[in-house]
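This report is for a reader who has not met this structure before. Please look over the sequence and the model first.

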Amino acid sequence: MSKTTTTAPAQRASKRRGPAIGAGVVAAALLFGWFSYTATKPEAAAGSAGSDAVADVSAPDSAPEQNDTYTQLAKLARRDAKDPLAQGRADAPVVMIEYADFKCGFCGKFARDTEPDLVKKYVDAGKLRIEWRNFPIFGKESEAAARGAWAAGQQGRFWEFHAAAYEEGAKEKGFGEDRLKALAEQAGVADVDRFVRDAAGKEAREAVARDQQEAYGLGAASTPSFLVNGRPIAGAQPAGTFTQAIDEALTAAARDPK
């Protein structure tokens, strides 16, 4: 999980852009922000990526008011079947939203070590949908990488770009213009000239800003941050944290099908 002082920029962005979420999920946003803060407070920072972050995976029936909060956060799932920055069935019973930055080392760790197994076990089985949200918090190159990822998605190669950008050692090479073009080629983007135009365009800027605004509105203070059917998980937690949260969400969904 990224250990950065992102809280102040987040607060400034929230004031600058206004609320990113409806009144119905404001209380839920406070909960998300609490999890994110707890994962990055000073005493937590001394721990490891697997132990310092907070994930609430308590029994779903143990706190009805908390379940209502999760329900509100779950409404952030877009479930757009044409979304190129998502994988899995649009009607999957569980949606995991990930807020992440391509310059975040712990985001890369999750992408390499945990996500592939979740895809094999849950996404391929039609049980889980993963929706990506660009949340660049490390400055100009983070923003450029986010726009590049979005542009790769316009040619159906977002997840290939995602894999290339999160390869071991990739972030150390930076995300300058030439590097982004090289990543696009590595990802199999067919028209690199179009990729460059799309990444520099207004639509890319607006798409990334929309994702950022959503994360800031939730009080996210670190990357990666997740929602599993609305249940917050902060940080690159061990794989078991995610499988437990997904399994519990699947059980809950089976009991209360929509």
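The sections below go through the sheet, the cores, one helix, the salt bridges, the cysteines and some backbone details.

## The model and its sheet

The structure is a predicted model. Its five strands make an open sheet of mixed pairing, and their order across the sheet is S1-S3-S2-S4-S5. The edge positions go to S1 (86–87) and S5 (231–234); each has a single partner strand, so one side of each is left without a neighbour in the sheet.

At one edge, S1 pairs with S3 (residues 128–134) in the antiparallel sense, over two bridges. Gln-87 has Ile-130 of S3 as its bridge partner. Strands of a sheet pair through backbone hydrogen bonds, either parallel or antiparallel.

## Nonpolar cores

In soluble globular proteins, nonpolar side chains tend to be buried together. In this model the largest nonpolar core has 46 residues. Those with the most contacts inside this core are Met-96, Phe-102, Leu-128, Trp-132, Phe-161, Phe-195 and Val-228. Another core, of 13 residues, lies apart from the largest one; Leu-76, Phe-135, Ile-137 and Tyr-216 are among its members.

What does Phe-161 touch, leaving out residues up to four places away in sequence? Its contacts are Ala-145, Gly-148, Ala-149, Ala-152, Leu-180, Leu-183, Ala-184, Ala-187 and Phe-195.

## Helix H11

Helix H11 covers residues 202–217. At 1.5 Å a residue, the 16 residues of H11 should span 22 Å, and the C-alpha atoms at its ends are 22 Å apart, which agrees.

Which residues of H11 are buried? They are Ala-204, Ala-207, Val-208, Asp-211, Gln-212, Glu-214, Ala-215 and Tyr-216. Tyr-216 also belongs to the core of 13 residues. Elsewhere in H11, Lys-202 is exposed, with a relative accessible area of 55%, and Glu-206 is partly exposed at 41%.

## Salt bridges

The structure holds 15 salt bridges. Salt bridges that share partners join Arg-78, Arg-129, Glu-131, Arg-133, Asp-211 and Glu-214 into one network. Asp-211 and Glu-214 of this network are also listed among the buried residues of H11.

Some other salt bridges link residues within a single helix. In H11, the side chains of Glu-206 and Lys-202 meet at an N to O distance of 3.8 Å. In helix H5 (residues 105–113), Lys-109 and Asp-113 are four residues apart, about one turn of the helix, and their closest N and O atoms are 3.2 Å apart. Lys-109 has a relative accessibility of 36% and counts as partly exposed; Asp-113 is also partly exposed, at 45%. In helix H7 (residues 140–153), Glu-143 and Arg-147 are likewise four residues apart, about one turn, and form a salt bridge of 3.1 Å, N to O. Buried means under 20% relative accessible area. Glu-143, at 18%, is therefore buried, whereas Arg-147, at 21%, is partly exposed. An α-helix has 3.6 residues a turn, so residues three or four places apart point the same way.

## Cysteines

How many disulfides are there? The count comes to zero. Cys-104 is buried, with a relative accessible area of 1%, and Cys-107 is buried too, at 0%. A disulfide is a covalent bond between the sulfur atoms of two cysteines.

## Backbone details

Several backbone details fall in the stretch that follows H11. Gly-219, just after H11, takes a positive phi of about 80 degrees. Thr-223 and Pro-224 are joined by a cis peptide bond, with omega about -5 degrees. Pro-224 lies in the loop between H11 and strand S4 (225–228). Asn-229 is found in the loop between S4 and S5; its phi is near 45 degrees, a positive value in a residue other than glycine. Asn-229 is partly exposed, with a relative accessible area of 22%.

Arg-79 also has a positive phi, near 50 degrees, and is a residue other than glycine. Its place is the loop between helix H4 (64–74) and S1. With a relative accessibility of 34%, Arg-79 counts as partly exposed.

Technical notes:
Residues are numbered from 1 along each chain as its sequence is written. This is a predicted model: local features need pLDDT of at least 70, side-chain atom pairs count only at pLDDT 80 or more; totals for chains, interfaces and linings use all residues. Side-chain values use heavy atoms; hydrogens and water are left out. A salt bridge is a side-chain nitrogen of Lys or Arg within 4 Å of a carboxyl oxygen of Asp or Glu. Buried means under 20% relative accessible area, exposed over 50%, partly exposed in between (1.4 Å probe, protein chains only). A nonpolar core is a set of buried Ala, Val, Leu, Ile, Met, Phe, Trp, Tyr and Cys residues joined through side-chain atoms within 4.5 Å. Contact means heavy atoms within 4.5 Å. Two strands pair if DSSP finds at least two bridges between them. A disulfide is a pair of cysteine sulfur atoms within 2.5 Å. The expected span of a helix is 1.5 Å times one less than its number of residues.
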